[in-house]
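User: I would like to learn how to read the features of a structure like this one, taking them one at a time. Could you give me the general idea in each case and then show me where it applies?

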Amino acid sequence: MNLGLSIISLARFQFAMTTVFHFFFVPLSIGLALVVAIMETVYVVKKDILYKHMAQFWGRIFLLSFAVGVVTGIIQEFQFGMNWSDYSRFMGDIFGAPLAIEALVAFFMESTFIGLWMFGWDRFNAKIHLAFIWLTSIGTMISAMWILAANSFMQNPVGFMINAKTGRAQMTSFSAVIKNPQLWVELPHVLFGAFVTGSFVVAGMAAFSLLKKKNVNFFRKSLKVSLIIGLVATIGVVAVGDLQTRYIIKEQPMKFAATEGLYKDSGSPAAWSVISSMDTQNHKTNWSIDVPYVLDILSYHKLSGNVKGQNTLNKEFHAKYDKKFGKNMNYYVPTKTLFWSFRVMTISGGVFALIAIIGLLFNRASSDLIIRQRWFLWVLGICTFLPFAANTTGWLITELGRYPWVVYGLLTIADAVSPNVSVASLLISNIVYFCVFSGLGIVMIVLSRRALHEGPDDLLKATDDAPYDPYGKGALSHE
Amino acid sequence: MSNLQLLWFVLVGVLFSGFFFLEGFDFGVGMTIKSLAQTRAERDVVIHTIGPHWDANEVWLITAGGAMFASFPMWYATLFSGFYLILLLILVALIMRGVSFEFRSRMESDAGRNFWEWAAAIGSFLAAFLFGMMFTAMVKGMPIDAHGDMTAHFTDYVNLFSIVGGVAVTLLCYLHGLNFIRLKTTGTLRARALQWAKPLYWVLFAGEVVFAILLYFNTDFFTKKPISTLILVVALVVLTCLATWGVYGNHEWLSFISSGLSLIDVVVLLFNGLFPRVMVANNAVNSILIKNASNSPYTLHLMTVIALSVLPIMLVYFIWSYWVFYKRLAS
């Protein structure tokens, strides 16, 4: 069967599809775990039952997201072996360790304590129950740390050597792998991004409910909690993003040049293109709308300095790598995707900050502007979806900007793919995943909408505030 | 072969043993949703018996896979790329059953609940069956080239031996699930699980005999390691006798522990037969050996330190969570 498809393009497509879909639910779960944990903390501190109901209600969305996140995560672990077996052989000495540690340390923690949290509402006192959601939340963050340690090595290999006999990468310093500077700009950026996701999903869904004027007090308080977290997280994600940008100029200049659509060197002072028309065939910029100095401010926090363009970098890369990888390598990264992704991501950051500030002002206890300014609730509602666009574009920059390597400067994509897997197998698995993901995505949206539509009435009205617990009063002790 | 390599071969085996002991009854309970449990209330109960645990049980599989990657990447790479389509189906099965418990609880219509109940039952069945099939085919020997790449054809992994292996593992899981339900429920469900287990144990005996015969003809277990293989096969039968005694004498704990240990015995049987290889090739020179498949001593040492310091803590809260939910559920 030859449809003009290669195993490389199919394996790459599958990696993109499965990670993008998985990463809808990862930041949502990490973020919602934190938001729910904070709500339950407020309940324990203030002893206001409303916050318990809040944790339970938003916990429903969290549990849905967590379930889909878990099952799509198994694909990721299997995928390295299934589609990228030569990568696994080359990198196993370094890559396997963080993966195994992630499972041992983080997955057991989050899966055990989420079970205790779900089924333990009326069996434990409030403080112990609160500890369960925090342990779950911390588990999700530890998980992010280990998988990003693995990813950071692929972006910026450190603490290793190439074994001359086997040709495989071999770890020489675990602490160098953990201290990888790439990890410590990437991890906080991902975590703050996850908190933005969780908080804006809560805020956006609360806004939709406020449009219907049902349970106004409940949703206004939910909005307040989520927007405070959202604002702090947005400031965090932007600040760390700035650190990360300045790191990438040094370590992965090609990626950075592409996010700015630079083919020629910028010269000093460097202007920033708001929009740009790029000719990716001939490696030149047709036209662009530029703002002077801004690129220098972004890159160096100064008003002068040159930023290298892709044409210069391509020559430098050829000089550096031709001996090892041959003359025919193409070092240009997918420029248009990176350029526009960067703009979607950064503009989203600005929107989040603005929306959070306006929302908190409108939602002051002394004001009912939030109810009257319906246009704003609509805007906030649409913001439910924006974090997913920001997360995805962020990862597109990170992963596509690594082209043509899987492990930066060490292993090309072409050398990483499983040589024994057929085009047919890959085509089948792509179609199967596509169908499964479409189904899961639809069910997730329908169930989340339904949970929102039904609202927290059952929680608020229940005189006995314990939710149904199968291990509660009905259960029997062993004789 | 170094001690560290041996240790990690054993540890991977331990993790798979844990997975089959724990997820074994999960799979079994999942299958009972559309067989043993006959009313909506009964289905609620059987799902709740594994509700707080199934996710953490599945982490044993993820940890086993991760540990295999972290210790024997050559094994991981060959196994996962070689059994591509089986693993794809296993993933789909695990996905469908994984979301089914949460999704079912949100359904408003009978049709919706019915759909996710079937997803749980079929997903559990397929996962158990396909794992049994894959591991059986793996010890039989597969077409592996000198680079370690396996290019198997349909009959390499779907044949009489692997199908019997799949059925045996499915049956072991199902009975393990019934024994778990006997421990965790009361009333009619508990009685019916006992009733159903009785004839099934005789089927299992028959299956074990067929499996042992096929094992003799399809693998080199009996020629290379006659004594240990024989001991483990006999142990499997003895454990099944104990479980059967537990069924007829109504000793619930005895049945449950015995059925769990039978699953572990199967894992040990396979790992014992594999040793000192990790993958068996049809052409013996291409078999992948423990001594060639592993990571560097540095990484193995590092992973040993981390695993041995984390595992005890993890086991404490893992077991504690079972103790918390140590109750029978009423219908």
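Analyst: Let us begin with a charge pair, keeping in mind that this is a predicted model. A salt bridge joins A:D242 to A:R246, and their closest N and O atoms are 3.4 Å apart, which counts because the rule asks for a side-chain nitrogen of Lys or Arg within 4 Å of a carboxyl oxygen of Asp or Glu.

User: Where do A:D242 and A:R246 lie in chain A?

Analyst: Both belong to helix 7 of chain A, where they are four residues apart, about one turn of the helix. Over all chains, the count by this rule comes to 22 salt bridges.

User: How should I read a charged patch, and which residues form the positive one here?

Analyst: The idea is to look for exposed residues of like charge that have no salt bridge and can be joined within 9 Å. In this structure A:K212, A:K214, A:R449 and A:K461 form a positive surface patch, and A:K212 is placed in the loop between helix 6 (181-211) and helix 7 (216-251) of chain A. That loop between helix 6 and helix 7 of chain A also holds A:K213, a residue that has a positive phi of about 55 degrees although it is not a glycine.

User: Where is B:N250, which has a positive phi although it is not a glycine?

Analyst: B:N250, with a phi of about 55 degrees, is found in the loop between helix 11 (226-248) and helix 12 of chain B.

User: Which residues make the nonpolar surface patch, and which elements give two or more of them?

Analyst: Here nonpolar side chains are joined within 5 Å. The patch, of about 510 Å², is made by A:V274, A:I275, A:W287, A:I289, A:V291 and A:W340; strand 3 (272-279) and strand 4 (284-291) of chain A are the elements that give two or more residues to it. Strand 4 of chain A provides the largest share, three residues, while A:V274 lies in strand 3.

User: Which peptide bonds are cis, and what is omega for each?

Analyst: For a cis bond one reads the omega angle and then asks where the proline sits. A cis peptide bond with omega of about -5 degrees joins A:S268 and A:P269, and A:P269 has its place in the loop between helix 8 (253-259) and strand 3 of chain A. In chain B, the bond from B:F275 to B:P276 is cis, with omega near 0 degrees, and B:P276 is in the loop between helix 12 and strand 1 (277-279) of that chain.

User: How many cavities of 30 Å³ or more are there, and what lines the largest?

Analyst: Rolling a probe the size of a water molecule over the atoms shows where empty space is left. The structure holds four cavities of 30 Å³ or more, and the largest has a volume of about 220 Å³. Its lining consists of 18 residues, of which B:G132, B:G165, B:V169, B:V266 and B:L270 lie nearest its centre.

User: Which helix gives the most to that lining?

Analyst: Helix 12 of chain B does, with five residues; among the helices of chain B that each supply at least two are also helix 1 (3-32) and helix 6 (110-140).

Notes. Residues numbered from 1 in each chain as written. Chains lettered and ligands numbered in written order. Predicted model: local features only at pLDDT ≥ 70, side-chain atom pairs only at ≥ 80, totals over all residues. Heavy atoms only, no water. Patch = residues over 30% accessible without salt bridge, like charges linked within 9 Å, V, L, I, M, F, W, Y side chains within 5 Å. Areas by Shrake-Rupley, 256 points an atom, 1.4 Å probe, with all protein chains shown as cover. Lys, Arg positive; Asp, Glu negative; His and termini not counted. Charge placed at Lys NZ, Arg CZ, Asp CG, Glu CD. 1 Å grid on protein atoms, 1.4 Å probe; cavity = no way out; pocket = protein on both sides within 12 Å on 5 of 7 lines; lining within 4 Å. Points joined across faces, edges and corners; volume = space filled by probe spheres on them.
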